[in-house]
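Dear colleague,

I am handing over the structure we spoke about, and you will find it just below. After it I have set out what was found, starting with the fold and ending with the surface.

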Amino acid sequence: MPSMELQPSLDREAGMSRSRGKRGGWITFPFLAATLTGLMLAGWGWLRNLIVYLIEEFNVKSIDATQITNIVTGGINLLPIISAILADSFLGSFYVVAISSCFSLLGVVLLTLTASISSLRPPPCETGSSVCQAPSRVQFSVLYAAIALASTGHGAMRFTLATMGANQFNTQYQGGFFNWFFILYGACVVSTIGIVYFEHSISWGLGFGLCSAASFVGLAIFLLGTPFYRHDKPQ
C-alpha cells in the first residue's frame with residue numbers, strides 16, 4: 001500500500017522534471033541579458049539627469065526639483081517589494097516584468113514628447129531674468145504621468161527580472177547566473193556617461209529618444225524569448 005501511495009507522487013515529480021527540462025537554461029540568458037541592458041540604459045538614462053531637466057526645461061526651483069527626484073528615487077527603491085509580492089502570489093515573474101517594462105516604455109516615450117514638443121513645457125527663462133513662467137497644469141500633468149510610469153516600470157522590473165532569470169536554472173547553476181547577470185549593471189555607467197551627455201549637451205529630445213529606443217528593444221527581446229522561458233506559477 002505505501003508504494004502505491006507514493007507512485008502518483010513520483011509520477012507527478014517526474015512530469016514536473018520533464019516539463020522544467022523543456023524550458024529554461026542558458027538559452028534564456030541572452031534574452032534576459034539584453035532585456036536588462038536595454039531597460040537599465042533607459043531607466044538610469046533619464047533618472048540620473050532628472051533634476052537638471054526639471055530645472056532647465058520646466059523652470060522648477062532647485063529645491064523643488066531635488067524633492068521630486070528624492071521622492072521618485074525612494075519610490076523606485078520601494079517598488080521591488082510590491083513587485084515581488086505580485087510575482088510570487090498573483091501574476092508570476094514573467095507578467096510582472098512584461099507589464100512593468102511596458103510602463104517604463106510608455107513613461108520614457110512621454111518624457112521624450114515633453115522634450116520634443118514645445119507646447120508640453122513652459123517657455124524658457126529670458127536671459128538675465130529671475131522670474132520664469134511656471135508650467136501649466138496640463139504640462140505638469142503630462143510630466144508627472146511620464147515620471148510615474150517610467151518610475152513604476154523601472155522599479156518593478158529590476159529585481160523581478162533577476163528572480164525570473166534565476167528560476168530558469170537548476171540550483172547548482174543559479175550562482176553562475178547571478179554573477180553574470182549583475183555584471184550587466186555596468187550598463188548603468190554607460191547610460192550615465194553616454195546618454196546623460198546627449199541629454200545635457202546636445203538635445204534632451206535625442207537623449208530621451210535613445211532611452212525610448214533602448215526600452216523598446218529590451219522589451220521586444222524579452223518577449224521574443226517567451227517560448228524558451230520557464231513560467232513558474234504563483235503560489
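A word on naming comes before anything else: helices here are DSSP runs of H or I with at least four residues, numbered from the N terminus. In that numbering, N59 lies in the loop between α3 and α4, and I shall come back to this residue below.

Please bear in mind that this is a predicted model. The chain averages a pLDDT of 85, and 88% of its residues score at least 70. Confidence is lowest in helix α1 (residues 2–22), where the mean is 47, and highest in α5, where it reaches 95. Over residues 1–6 the pLDDT is below 50, and this stretch has 0 contacts in the model beyond near neighbours in sequence. Residues 8–19 likewise stay under 50, with 0 contacts beyond four places in sequence.

As to the overall fold, the chain contains 9 helices and 0 strands. Of its 235 residues, 42% count as buried, and among contacts with a separation of 6 or more, 82% join residues that are 24 or more positions apart. The accessible surface of the chain comes to about 12500 Å², and 67% of that area belongs to carbon and sulfur atoms.

Helix α3 (residues 50–58) deserves a closer look, with L50, Y53, L54, E57 and F58 all buried in it. Seen down the axis of α3, these buried residues fall within an arc of 105°, so they line one face of the helix. They pack against α2 (29–47), α4, α5, α6 (137–166) and α9 (204–224).

One of those buried residues, E57, also takes part in a salt bridge, its side chain meeting that of R121 at 3.4 Å, N to O. Because R121 lies in the loop between α5 and α6 while E57 is in helix α3, the pair ties together parts that are 64 residues apart in sequence. The structure holds 1 salt bridge. R121 has a relative accessibility of 19% and therefore counts as buried, the cut-off for that class being under 20%.

Returning to the residue named at the start, N59 follows α3, and its phi is positive, at about 55°, although it is not a glycine. Most residues other than glycine have a negative phi. N59 counts as buried, because its relative accessibility is 16%.

Finally, there is the surface. L78, I81, I82, I85, L86, F90, L91, Y95, I99, F103 and L106 form a nonpolar patch there, with about 1100 Å² of accessible area together. Helices α4 (62–89) and α5 (93–116) each supply at least two residues of this patch, and the largest share, 5 residues, comes from α4. Is I85, which belongs to the patch, buried, exposed or partly exposed? This residue sits in helix α4, and with a relative accessibility of 46% I85 counts as partly exposed, since that class runs between 20% and 50%.

With best wishes

Note on methods: Residues numbered from 1 in each chain as written. Predicted model: local features only at pLDDT ≥ 70, side-chain atom pairs only at ≥ 80, totals over all residues. Heavy atoms only, no water. Patch = residues over 30% accessible without salt bridge, like charges linked within 9 Å, V, L, I, M, F, W, Y side chains within 5 Å. Areas by Shrake-Rupley, 256 points an atom, 1.4 Å probe, with all protein chains shown as cover. Salt bridge = Lys/Arg side-chain N within 4 Å of Asp/Glu carboxyl O. Buried < 20%, exposed > 50% of the residue type's maximum accessible area, 1.4 Å probe, protein only. pLDDT = per-residue confidence, 0-100. Contact = heavy atoms within 4.5 Å. Arc of directions from axis to C-beta.
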